[in-house]
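Biologist: I would like a close look at a single part of this structure, namely its charged side-chain contacts and the strands around them. Please go through it carefully, step by step.

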Amino acid sequence: LRTALDLRPAGALPTAGFRPLVCPNCGWDLPGSADDVVFFCASCEKAWQLDGREMTEVAHDLAAVPGVDRGMFLPFWQLELGAREYCVPAFRYRRLKTLVDLTIRLSSKGLRWQRWADARPHVRGCFYDACDAMLLARFVAAGQGHATTGNAREPARLIWLPFKRERRSLIDPFTGMGLQESLLV
């Protein structure tokens with residue numbers, strides 16, 4: 001057993017290194033937490049997904065919803081899986097069931113919004129990437145009895161939706177579902 005487990009390194013060994021978290025387009029510092037995988041550049045207004053050692057640009061929008069002036073902007077992935085469209089949270093929240101419920105509610109409702117035209121507000125980074133969103137969408141689809149095979153027909157698109165702040169809650173403007181702000185991570 002000892003000889004089987006005593007392996008020597010072979011081939012080129014990878015080295016750990018540090019990478020500055022700057023926008024690949026303009027060189028601006030990208031804000032975010034250590035857990036984020038998608039970052040938004042406030043300078044050139046592009047979204048970047050960390051993909052291994054590379055940063056790839058992500059298609060995105062910032063939604064303006066009537067009645068929500070100064071809310072908190074939370075990220076969502078929009079993707080088509082099978083014959084249905086899904087809107088999957090990309091932010092980290094302490095209760096996964098809440099994210100599933102929010103996915104079900106937003107995906108069953110046609111979201112009507114306009115593109116944000118004013119000065120860009122502060123937006124949260126994304127904890128879940130597009131692959132995670134596809135997995136959660138498949139989970140939701142299976143729970144609702146919808147068959148899903150293969151991948152999404154088009155690449156996932158990122159959208160930041162405004163949530164109304166009411167006391168210690170964030171209220172989804174489309175379904176009225178509330179999230180406890182203290183459970184955002």
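How many salt bridges does a search of the whole structure find, and which residues are linked in a network of them?

Modeller: The model is a predicted one, and a search of the whole of it finds seven salt bridges. Asp61, Arg115 and Arg157 are linked in a network of such contacts, and I will take its two pairs in turn.

In one pair, Arg115 forms a salt bridge with Asp61, and the closest N and O atoms are 2.6 Å apart. Because Arg115 belongs to strand E7 (residues 114–115) and Asp61 to strand E4 (residues 60–64), this contact ties together parts that are 54 residues apart in sequence. In the other pair, Asp61 forms a salt bridge with Arg157, where the closest N and O atoms are 2.9 Å apart. That pair also links distant parts of the chain, with Asp61 in strand E4 and Arg157 in strand E8, 96 residues apart.

The three members of the network can also be described by their accessibility. Asp61, at 8% relative accessibility, counts as buried, because the cut-off for that class is under 20%. Arg115, by contrast, has a relative accessible area of 57% and is exposed, while Arg157 is partly exposed, with a relative accessible area of 28%. As a general point, side chains of opposite charge can pair when their charged atoms come close.

Strand E8, which spans residues 157–166, leads from Arg157 to the neighbouring pairing: E5 and E8 pair in the antiparallel sense over seven bridges, and within this pairing Pro75 stands opposite Trp160 in E8. Strand E5 itself covers residues 72–81, and nine of its 10 residues are buried, so E5 is largely enclosed by the rest of the structure. E5 also pairs with strand E6 (residues 84–89), again in the antiparallel sense, over six bridges, and there Glu85 in E6 is the bridge partner of Glu80. E5 and E6 form a hairpin with two residues between them, and Gly82 in the turn has a positive phi of about 70°.

A further salt bridge lies within a helix: the side chains of Asp101 and Lys97 meet at 3.1 Å, N to O. Both residues lie in helix H2 (residues 96–108), four residues apart, which is about one turn of the helix. Asp101 is partly exposed at 25% relative accessibility, whereas Lys97 is exposed, with a relative accessible area of 58%.

Notes: Residues numbered from 1 in each chain as written. Predicted model: local features only at pLDDT ≥ 70, side-chain atom pairs only at ≥ 80, totals over all residues. Heavy atoms only, no water. Buried < 20%, exposed > 50% of the residue type's maximum accessible area, 1.4 Å probe, protein only. Pairing = 2+ DSSP bridges. Salt bridge = Lys/Arg side-chain N within 4 Å of Asp/Glu carboxyl O.
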